[in-house]
Each structure stands twice: as C-alpha cells, then as structure tokens.
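The following report is a reading of one protein model, to be followed alongside the sequence and the coordinates. It proceeds from a helix and its packing partner to individual residues, and ends with the chain as a whole.

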Amino acid sequence: MVSDQVEDELDDQEEGSEELYEQHSFRIDGGQEPLRIDKFLVARIEHATRNKVQKAIDAGRVLVNGKTTQSNYKIRPADEIVVYSHYEKRGEKIEPQEMPIPIEYEDSDILIINKPAGLVVHPGSGNPDGTLVNGIAWYLQQQNPGITEENLPRFGLVHRIDKNTSGLMVMAKTDLAVTSLAKQFFNHTVYRRYIALVWGDPTEDEGTIVAHIGRHKRFRKLYDAYPEGDYGKDAITHYTVLERFGYVSLIECRLETGRTHQIRVHMQHIGHPLFNDDFYGGNRIVKGTVYTKYKQFIDNCFALCPRHALHAKSIGFLHPTSGKEMRFDSELPADMDQLIEKWRRYVKAKGDLFTESK
C-alpha cells in the first residue's frame, strides 16, 4: 500500500492556494550514468511507484534545474531535481463522516461545492475531523464504496479556500480529473473571481498588485507581502472597484496566482485590509470618524458579518474529460449581502458625503 506520506508528496493538489511545498531535492553527482528521471525518483522515494511519479511530472511538480520536465528525460551529472507537492507533509487520516454537502453541480468527474464560511476544508492541526473533505469522503463512498485515499488522494481535493471565506470550489471524483484539474491550477489557467469588502477608498478604479507572499518573519501563522527580493512566492492579484462607500469599498479580485491568504495579504499590503479580517488588521476601524455613533455602526457591521468579508463568487476551468469550458457563479451569502446593504443605507443617509456606485 502506498503510504500517506507518498500520497502527500506525489498526488496531493492544492488553492487558496496553489502553494507548492518542496518535498524532496536531489543533486546528481558526477558519476551518475544517464537514467530516466521517473526511474531515478522511484528508486529514491520510499513507496513511490512509476505511475505516481509520472503523474507528478505531468502535473509540473517535478523540476530539473528549475524547469518542468518529461518522464523520459535522462538525468545528467550536476542536475538539480526538486519534487513539489501542493500540501505540506501531513499524516492525518481522513475519516468519512456524514454531513450536509452544499453541492452546486455534479457529474461523473467533478463536484462544485458552495462552501459556507466557517467550514474547514481539510483536516489539520486543531481540526482533526468535521471538515469538508470528511463529508466528501462519506458522500463519494455512498456512490462507490471502493473509493479510498489510495485511489483518490484526499478524496479529490485539488484546491482550498480559507475557513472563513465562503464560495465555490471544484473537487475531482476520479484520479484522471485530479491530474487534469491540478495541472490547470498549477498553470494558472483556472478562472477565479472573488468579491470582497475592504477598508478605504482606492485611488484607482482598478489595479494589479504584484508582490511575493511568504510566511511572516515574526508571526508564523501569518503571511506577508514582499515586493522586493526573492523571499516567498510570486503572487499577482487584479482588482476592480465595484462600489464605493467612502470608508469602505466593494471590490472584485481576479487571481493570476493562488497563494495562501493572497487576497487578504495583498489588500493589506496596499492599505485596504478586508473588512473584519482579524488576521490582517481589518477587525478594527481603519477609516472613518471618531464619533460614538460611527463606532456603534461598525460594531453592528462586525456582528452582522462576523468574519472577513470575502466570497469566492465564480470559478471556471476546462472539463477534465470533455475539454469543454465550464464556468460557475454563485450569489453572495446572506451575511455579506446584508453587510453591503447596510453600508448602502449608511451612505444614502449621509447624502453627498460619499461617492456612491461608479
């Protein structure tokens, strides 16, 4: 049986992040005879199979001298080989659990899930069960009792969104779909549109944020933007202002890359943290007045939407089997919808103090 570790190293796919984590690295010594890279890796990674290695190579998660390769590439002396995964190394076993699954679309290859805020996607530290993947595991095994983590790694999870972000996710129901979707995420060809309420009034109607994202150098649970140097991973976010409320703005974000906390970190980086984002400074008054009534209004807004105001509204990709372009859209959840309406009423009551919708 293939170990959990190898499933992590060679099969697991990721979003919120298409974060890639280095799992193995090799530098070929001067005495190495020419050898196919898939055979080389099978011989050096415990429990690996040629099929698993080839799928990782096809998905672009094996680099030679910093570039993707093919299974028949023959390694040479001084080559540097790195094997990546979309997940950090973990050992949690996924236990199927019955729970309501908010399925928007399903066919024989994929599931589209409209994840509610507050639901953790995958078991991890502090969340051993009760996650979306636990529920998906149970759901899929009702259709096919033979589905396991061995033949469908992490039960088809190919990307994630944060616990307190709501919205659309795609999950795979077959190993073929896993490979196809993972490659699309890795190549940044998946269409993703997010809606967010942010603090402040951006100067421009639209813009692009380019800054590496990496773990915060002091606070390891946080991430930070690094506009200069090579620390972290490259990240690009395009945004458009949809509506202005003076002290906050409604924006659309389109991801060109998908790093952990990307939208939250990038918007904080340009001075517009997400409304009520307790990680990145949005859970306090960033813009506004000093009056008590305004503070009470903000507290009421925080109570109405008790999480960062971010929703994964749209997702699009090529179907793993048919190749047909698929695109799905969702309505804003009630908490964000009510929050935005509350700001609209506030602006209307203030008259010409603010610039409304553009």
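Within helix α3, the buried residues are Lys52, Val53, Lys55, Ala56 and Ile57, in what is a predicted model rather than an experimental one. The helix spans residues 50-58, and just beyond its end Gly60 adopts a positive phi of about 80°.

Two packed helices are described by the angle between their axes and the distance between the axes. For α2 and α3, the axes approach within 9 Å and cross at roughly 125°. Because angles from 115 to 145 degrees fall outside the parallel, antiparallel and perpendicular classes, α2 counts as oblique to α3. The crossing of α2 past α3 is right-handed. On the α2 side of this pairing stand Ile37, Asp38, Lys39, Leu41 and Val42, which meet Arg50, Val53, Gln54 and Ile57 of α3. Of these, Val53 and Ile57 are also among the buried residues of α3.

Which residues does Asp38 touch, once those up to four places away in sequence are set aside? They are Arg50, Val53, Gln54, Ile57 and Ser71. Asp38 itself belongs to α2, which covers residues 37-44, and its relative accessibility is 0%, so Asp38 counts as buried, the cut-off being under 20%. The side chain of this buried aspartate takes part in polar contacts with two other side chains: one, of 2.9 Å, joins Asp38 to Arg36, and another, of 3.0 Å, joins Asp38 to Gln54. Gln54 is thus listed both as a polar partner of Asp38 and among the α3 residues that meet α2.

Positive phi values recur elsewhere in the chain, in residues other than glycine. Asn65 has a phi near 55° and sits in the loop that connects β3 (62-64) with β4 (67-68). Arg154, which is likewise not a glycine, has a positive phi of about 50° and is placed in the loop between α4 (132-143) and β9 (166-172). Asn65 is partly exposed because its relative accessibility, 45%, lies between the limits of 20% and 50%, whereas Arg154 is buried because its value of 4% is under 20%. The table sets out these two residues.

| Residue | Phi | Relative accessibility |
|---|---|---|
| Asn65 | near 55° | 45% |
| Arg154 | about 50° | 4% |

Strand β9, which follows the loop of Arg154, contains Met171. Is Met171 buried or exposed? With a relative accessible area of 0%, Met171 is buried, since that value is under 20%. Leaving out neighbours within four places in sequence, the contacts of Met171 include Asp109, Ile110, Leu111 and Ile113, together with Leu132, Val133 and Ile136, and further Phe155, Gly156 and Leu157. One of these partners, Ile113, is 58 residues away from Met171 along the chain, yet the C-alpha atoms of the two are separated by 7.6 Å.

For the protein as a whole, the model contains 8 helices and 17 strands. Buried residues account for 54% of its 358 residues. The exposed area of the protein is about 16,400 Å², of which carbon and sulfur atoms supply 47%.

Definitions and conventions. Residues numbered from 1 in each chain as written. Predicted model: local features only at pLDDT ≥ 70, side-chain atom pairs only at ≥ 80, totals over all residues. Heavy atoms only, no water. Helix = DSSP H or I, 4+ residues; strand = E, 2+ residues; numbered from the N terminus. Buried < 20%, exposed > 50% of the residue type's maximum accessible area, 1.4 Å probe, protein only. Areas by Shrake-Rupley, 256 points an atom, 1.4 Å probe, with all protein chains shown as cover. Polar contact = N/O pair within 3.5 Å; in protein donor to acceptor, adjacent residues only side chain to side chain. Contact = heavy atoms within 4.5 Å. Axes fitted to C-alpha atoms, helices over the stretch in contact; angles between N-to-C directions. Parallel < 35°, antiparallel > 145°, perpendicular 65-115°, else oblique. Left-handed = near helix turned anticlockwise from the far one by under 90°.
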